[in-house]
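Here's a quick walk through one model, from charged pairs to helix packing to a couple of odd backbone angles. Have the structure open while you read.

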Amino acid sequence: MKIDLTETTSSKINQALVSARRAIGTPAIGMVLTLVIVTDEENAYDALKSAGDASREHPSRIIAVIKRLSRSPRSRRDARLDAEVRVGSDAGTGETVVLRLHGELANHAQSVVLPLLLPDAPVVVWWPQDAPAEPAKDPLGALAQRRITDAYSAEHPCDEITLRARSYAPGDTDLAWTRVTPWRSMLAAALDQQHAEIVSATVEGESENPSCELLAMWLADRLGVPVERAQSDGPGLTAVRMETRSGVIVLDRPDGSMATLSMEGQPDRAVALKRRDTAELLAEELRRLDPDNTYEATVKFGVDKLGGSARPRAEGSKPADPKPADPEPAGAAPAPAAAKKAAAKSPAKKAASK
């Protein structure tokens with residue numbers, strides 16, 4: 001069921017939601033959270049479809065905020081709110097409200113969204129593209145317990161990762177990080193079977209792919225070994241190679257679907273490691289509403305600390321601000337005493353997934 005509202009208010013939208021639920025015979029609210037999507041007309045369809053698919057696992061009220069740019073000075077002064085209310089089969093397993101903000105109202109989206117939030121339910125804000133520099137300080141981001149961005153959609157993805165590290169606040173996460181969850185799980189399982197000291201590692205993938213950078217930083221941060229970043233033709237992440245004292249562990253995925261896990265003294269194994277769509281990534285992030293400390297440590301590790309082939313900096317992008325030098329070079333091999341202590345622990349425990 002769809003209801004179109006022109007030049008409306010938040011109060012009238014709430015009334016339309018109640019009327020629509022009664023009309024389809026479901027007056028009770030069975031939703032667990034509010035998902036706010038900040039997008040534009042070009043990307044609204046794909047974002048709403050992904051959110052609707054994710055709502056089958058997490059029934060939610062989906063609020064899409066679309067800011068309509070005005071061309072003339074007069075129209076920019078005219079504030080108007082148009083809305084579309086969807087319930088039933090048109091809204092997945094929850095409710096969907098599409099808000100189109102015109103004129104000055106586009107600068108005050110939080111005042112429109114606030115009355116539409118589900119009472120006593122968590123709020124998640126998702127920017128499929130064009131995320132603010134500081135999501136936690138954004139007026140809409142300040143309403144949420146979790147804030148989801150996607151560095152892959154940025155013009156300069158690696159620079160975006162650096163920006164996310166500077167502006168990180170508890171509750172922030174990025175879909176570039178979500179994409180490496182199966183890789184992290186598979187590598188942790190491999191290290192549980194191969195109890196050997198890790199000497200170095202290499203992560204191979206497409207140039208300017210933020211997921212590759214994040215996986216490399218995660219390995220460097222957790223294992224305390226030098227990690228190189230190598231380039232390939234993709235798709236996405238293609239291989240991870242870890243050198244150990246007793247042999248090499250290789251997880252190779254050349255086609256974006258099936259991977260091969262190779263370890264010294266064991267037969268090669270084929271494992272499913274397909275690239276997931278946005279709905280699956282979003283559903284994973286909605287499963288947890290607490291701060292992701294592993295993501296925080298990883299994103300703050302620093303892209304500039306990775307070794308390997310240099311990534312070409314896009315024209316017009318700015319280098320990261322210089323930081324004070326660490327007491328010990330990042331990625332350097334630990335001192336002998338520290339190495340013995342690190343070897344006594346299982347690497348898989350240090351490589352725990354989210």
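## A salt bridge between strand 3 and helix 2

Arg68 and Glu41 form a salt bridge, and their closest N and O atoms sit 3.2 Å apart. Keep in mind that this is a predicted model. The pair ties together distant parts of the chain: Arg68 belongs to strand 3 (residues 60–68) and Glu41 to helix 2, with their positions 27 residues apart in the numbering.

Are these two buried or exposed? Neither label fits, because the in-between class runs from 20% to 50% relative accessible area. Arg68 comes in at 33%, so it is partly exposed. Glu41 is partly exposed as well, with a relative accessible area of 35%.

## Charged pairs that are buried

Searching the whole structure turns up 21 salt bridges. One of them pairs Arg86 with Glu84, where the closest N and O atoms are 2.7 Å apart. Arg86 is buried, and Glu84 is too.

Another joins Arg147 to Asp172, with 2.6 Å between the closest N and O atoms. Here again the link is between distant parts of the chain: Arg147 is in strand 7 (residues 146–149), Asp172 is in strand 8 (residues 172–174), and they are 25 residues apart. Arg147 has a relative accessibility of 6%, so it counts as buried. Asp172 also has a relative accessible area of 6% and is buried. There's a network to look at as well: Arg21, Arg61 and Glu95 are joined into one by salt bridges that share partners.

## How helix 2 meets helix 9

Back to helix 2, the home of Glu41. Two packed helices are described by the angle between their axes and the distance between the axes. For helix 2 (residues 41–54) and helix 9 (residues 278–285), the angle is about 55° and the axes are 8 Å apart. Helix 2 and helix 9 are therefore oblique to each other. Their crossing is right-handed.

Which residues make the contact? On the helix 2 side they are Ser50, Ala51, Asp53 and Ala54, while helix 9 brings Thr278, Ala279, Leu282 and Ala283. Sorted by class, this contact has 5 nonpolar, 2 polar and 1 charged residues.

## Helix 9 is mostly tucked away

Of the 8 residues in helix 9, 6 are buried, so the helix is largely enclosed by the rest of the structure. Want to pick them out on screen? The buried ones are Ala279, Leu281, Leu282, Ala283, Glu284 and Glu285. Ala279, Leu282 and Ala283 are also named in the contact with helix 2.

## Two loop residues with positive phi

Glu7 isn't a glycine, yet its phi is positive, at about 50°. Where is Glu7? Look in the loop between strand 1 (2–5) and helix 1 (10–23). With a relative accessibility of 56%, Glu7 counts as exposed, because the cut-off for exposed is over 50%.

Asp130 also has a positive phi, about 55°, although it is not a glycine. You'll find Asp130 in the loop between strand 6 (123–126) and strand 7. Asp130 is exposed, with a relative accessible area of 69%. Strand 7, at one end of that loop, is the strand that holds Arg147.

How values were computed: Residues are numbered from 1 along each chain as its sequence is written. This is a predicted model: local features need pLDDT of at least 70, side-chain atom pairs count only at pLDDT 80 or more; totals for chains, interfaces and linings use all residues. Side-chain values use heavy atoms; hydrogens and water are left out. Axes are lines fitted to C-alpha atoms, for helices over the stretch in contact, and angles run from 0 to 180 degrees between N-to-C directions. Helices (H or I, at least four residues) and strands (E, at least two) are DSSP runs, numbered from the N terminus. Angles under 35 degrees count as roughly parallel, over 145 as roughly antiparallel, 65 to 115 as roughly perpendicular and the rest as oblique. A crossing is left-handed if the near helix is turned anticlockwise from the far one by less than a right angle, and right-handed if clockwise. Contact means heavy atoms within 4.5 Å. Ala, Val, Leu, Ile, Met, Phe, Trp, Tyr, Cys and Pro count as nonpolar, Asp, Glu, Lys and Arg as charged, and the others, Gly among them, as polar. A salt bridge is a side-chain nitrogen of Lys or Arg within 4 Å of a carboxyl oxygen of Asp or Glu. Buried means under 20% relative accessible area, exposed over 50%, partly exposed in between (1.4 Å probe, protein chains only).
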